[in-house]
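Colleague: I'm new to reading protein models, and I keep tripping over the labels. Could you show me this one and explain what earns each label?

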Amino acid sequence: MSADIISVLPDAVANQIAAGEVIQRPASAVKELMENAIDAGATFIRLIVKDAGRTLIQVVDDGKGMSPTDARLCFERHATSKIRSAEDLWRLNTMGFRGEALASIAAVAQVELKSRREEDTMGTVIHMEGSQITSQEPCAAPKGTSISMKNLFYNVPARRNFLKSDGVEFRHILEEFERIAFANPIIGFSLYHNGNEMYRLEAGTTEEARASLRQRILALYGSPFNQRLVPVDEDAGIVKISGFVIKPEFAKKTRGEQFFFLNKRFIRNAYLHHAVQTAFEQLLPAGNFPGYFIFLDVDPKTIDVNIHPTKTEVKFEDERSIYAVLRSTVKKSLGQYNISPTLDFNQEMSMEIPYLSKDTQIRQPEIKVNPEFNPFKSGGNSGVVSHDKFREGNNQQNWETMFSQHMHKRNEDLPPVEVIPDVQTQLHPESNDNPVSESSSFWQLHERYILSPMKNGFLVIDQQRAHERVLYENYIQGIARQQAETQQKLFPDTVEFTPADAQIVESQLTALQSIGFDIHPFGSNTFVVHGIPAGTEKFETPQLLEEVIATFKENDQELHLKPLENIARSLARRAAVKPGKHLSTAEMQSLVDELFGCEQPGFCPNGKPVFVNFPIEEIDKRLKRS
Ligand code: ADP
Ligand code: MG
């Protein structure tokens, strides 16, 4: 018997290990397969997904196809037609060049590949299982390649269990799909999920890159985006910059539309993001993120794309110069757009017209009108009404359980108490004693905090967090009692979402309705809103909903909240007064009263303290009075 203990891992095992790097989740397989289709020169690419990629991911292209031998070889590790030597690495302009993707996919899923080159009469079909070819036969096939992978991670249960909910995984897939679709506007794409066509993006009809990018953005994000885009354009030798930034007034409070494409490939780059952020600096309200679709073209020799296995991170040779060029280019574009607001306004109006479809809202002074809408159809027209559509049995029980669980839970998962909000009892009597003449006992500090004296010191209350707490508890109670208040709109709004967001709205329809949105599907990612939660009238409905959904997504990824609680939190976050808002004494008074009427006045729904108490002894101590 030999004493040697080292053995080379069988290929299948080695591939499985390597696969973990490349294929982390269904979305990574989607990315690799779609990028291969693009490299193969496809003009139309179909993505077919079942159960968020768990059951099936299939990519069908009309590209150059593979010979029967290549079709077998492509599953070998380091099998690639894209480089011949290490030197080629520097010249590469294609998407992938590591020859690892298909090997990895074949290691963790059951794969079928069908392919035919234009010059061949017959195609070839291969089946693979556990990195082994189980069959290969000639077959009839259209020109191009179709790769389907079934039961991802069927042989790696640990990984399979690691997958998140279908909702989360599918969102990742949509994200990859969107990035690739934006990066390649002259290629057509479609996406099917569980048999439904979710997207059909026609190949760009124009050779002009910017025009086809604009078409693609509108196709993915809806026609309202047309008036939000400001072109950016610069050729500075070391880098060519093109694409669009989103006008500052449409910036969002959450990260959303931030896309850099380097040589037509989506990348993340915090440094370059910073360049754009600073270019926007004076124009964005605090806490808002700029939106952009920026294409950078550089000589591939000056970048190293291969530092990250999934290739969304890159290293530039001359990062500083690119930073400087990018910042000044964005600044210049924003400047041009800002110079003549009146002119720009007129341009927008005329630009918007061709994009009005039958169900687009038409802008008139002050009110919004949907030409399709018949105000007499649905009865009520205006005024606050109690939302009682969903009173029936089942739901009521759910809500009651949720409500009581919620209240218990809150007590348990409060953060460690540093600032003990022990003032509830002290504050109430005081404000009740003196409701009117007390009006001088609130001061606003930096349009951000409310100062209020108490018997034994004073309180510093964070106005935004206080309001968030008040709204949140109102919503939760409204939901629990099925009495969320809705402010009916005289004219309903139609709101168009991106397909990804439309899916979320659809799945959270009941939650949105029970919190006071009178919202219903209106076909093709559009919803009609007849009413909004009372107290949110000052917001533009589309923006309010967009922001609620954006916050919902963030919460959904980071916290495990019940959908209703998440919606309530998101809406409270969006609707609460923000720093910078001047409050009258009466407003402060009523906010503070409402706050201390809450179950949990001390903490914002996200767990952060709402106020700090400065006891007089503490002040004495600091002043060395005692
Ligand atoms: P890489 O893309 O890094 O070369 P992959 O494992 O993704 O590695 O693919 C291996 C090879 O298989 C590619 O280099 C290409 O020659 C071939 N191939 C993969 N997908 C396709 C496709 N859709 N059409 C034509 N050829 C393909
Ligand atoms: Mg590849």
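Modeller: Sure, and keep in mind that this is a predicted model. Let's start with Arg-574, which counts as buried at 6% relative accessibility.

Colleague: What makes Arg-574 count as buried?

Modeller: Buried means under 20% relative accessible area. Arg-574 has 6%, so the label fits. Arg-574 sits in helix H18, residues 563-575.

Colleague: Which residues does Arg-574 touch, leaving out those up to four places away in sequence?

Modeller: Arg-574 touches Lys-253, Thr-254, Phe-539, Leu-544, Glu-547, Val-548 and Thr-551. To count as a contact, heavy atoms have to be within 4.5 Å. There's also Glu-468, 106 residues away in sequence, with its C-alpha 8.5 Å from that of Arg-574.

Colleague: And Val-22, is that one buried or exposed?

Modeller: Val-22 is buried: its relative accessible area is 3%, and the cut-off is under 20%. Val-22 belongs to helix H1, residues 11-22. Its C-alpha is 6.6 Å from that of Ala-101, although the two are 79 residues apart along the chain.

Colleague: What makes you say that helix H5 is mostly covered?

Modeller: Just count: eight of its eight residues are buried. H5 covers residues 101-108, and the buried ones are Ala-101, Leu-102, Ala-103, Ser-104, Ile-105, Ala-106, Ala-107 and Val-108.

Colleague: How much of the whole protein is buried?

Modeller: Buried residues make up 50% of the 626 residues. The protein has 20 helices and 25 strands. Its exposed area is about 30,400 Å², and carbon and sulfur atoms supply 52% of that.

Colleague: Okay, next label. What makes a group of residues a nonpolar core?

Modeller: The members are buried residues of certain types, such as Leu, Phe and Met, joined through side-chain atoms within 4.5 Å. In soluble globular proteins, nonpolar side chains tend to be buried together. The largest core here has 67 residues, and Leu-47, Phe-75, Met-149, Phe-189 and Leu-191 have the most contacts inside it. Helix H7, residues 166-183, gives the most to this core, with eight residues. A second, separate core has 31 residues, among them Tyr-472, Val-529, Leu-544 and Ala-572.

Colleague: Which residues is Met-149 in contact with, beyond its neighbours within four places in sequence?

Modeller: Met-149 is in contact with Ala-29, Leu-33, Thr-55, Leu-56, Ile-57, Ile-105, Ala-109, Gln-110 and Val-111.

Colleague: Now the helix pairs. Why are H2 and H7 called roughly parallel?

Modeller: Angles under 35 degrees count as roughly parallel. The axes of H2 (residues 26-39) and H7 cross at roughly 25° and come within 8 Å, so the pair gets that label. The crossing is right-handed. On the H2 side, the contact includes Pro-26, Ala-27 and Val-30, and on the H7 side it includes Glu-169, His-172 and Ile-173.

Colleague: How do you know that H7 is roughly antiparallel to H8?

Modeller: Their axes are 9 Å apart and pack at an angle of about 155°. The label needs an angle over 145 degrees, so H7 is roughly antiparallel to H8. Glu-178, Ala-181 and Phe-182 in H7 meet Leu-213, Arg-216, Ile-217, Leu-220 and Tyr-221 in H8.

Colleague: Then what makes H2 oblique to H5?

Modeller: Here the axes come within 10 Å and cross at roughly 135°. Roughly antiparallel needs over 145 degrees and roughly perpendicular covers 65 to 115, so 135° falls among the rest, which count as oblique. H2 is therefore oblique to H5, and this crossing is left-handed. Ala-29, Glu-32, Leu-33 and Asn-36 of H2 make the contact with Ala-101, Leu-102 and Ile-105 of H5.

Colleague: Last one: what is notable about the phi of Asn-194?

Modeller: Most residues other than glycine have a negative phi. Asn-194 has a positive value, near 45°. Asn-194 is in the loop between strands S7 and S8. Lys-264 also has a positive phi, near 70°, and is found in the loop between strands S11 and S12.

Colleague: Why is Asn-194 called partly exposed?

Modeller: Partly exposed lies in between the other two classes, under 20% for buried and over 50% for exposed. Asn-194 has 41% relative accessibility, so it counts as partly exposed. Lys-264, at 41%, gets the label partly exposed too.

Notes: Residues numbered from 1 in each chain as written. Chains lettered and ligands numbered in written order. Predicted model: local features only at pLDDT ≥ 70, side-chain atom pairs only at ≥ 80, totals over all residues. Heavy atoms only, no water. Helix = DSSP H or I, 4+ residues; strand = E, 2+ residues; numbered from the N terminus. Buried < 20%, exposed > 50% of the residue type's maximum accessible area, 1.4 Å probe, protein only. Areas by Shrake-Rupley, 256 points an atom, 1.4 Å probe, with all protein chains shown as cover. Axes fitted to C-alpha atoms, helices over the stretch in contact; angles between N-to-C directions. Left-handed = near helix turned anticlockwise from the far one by under 90°.
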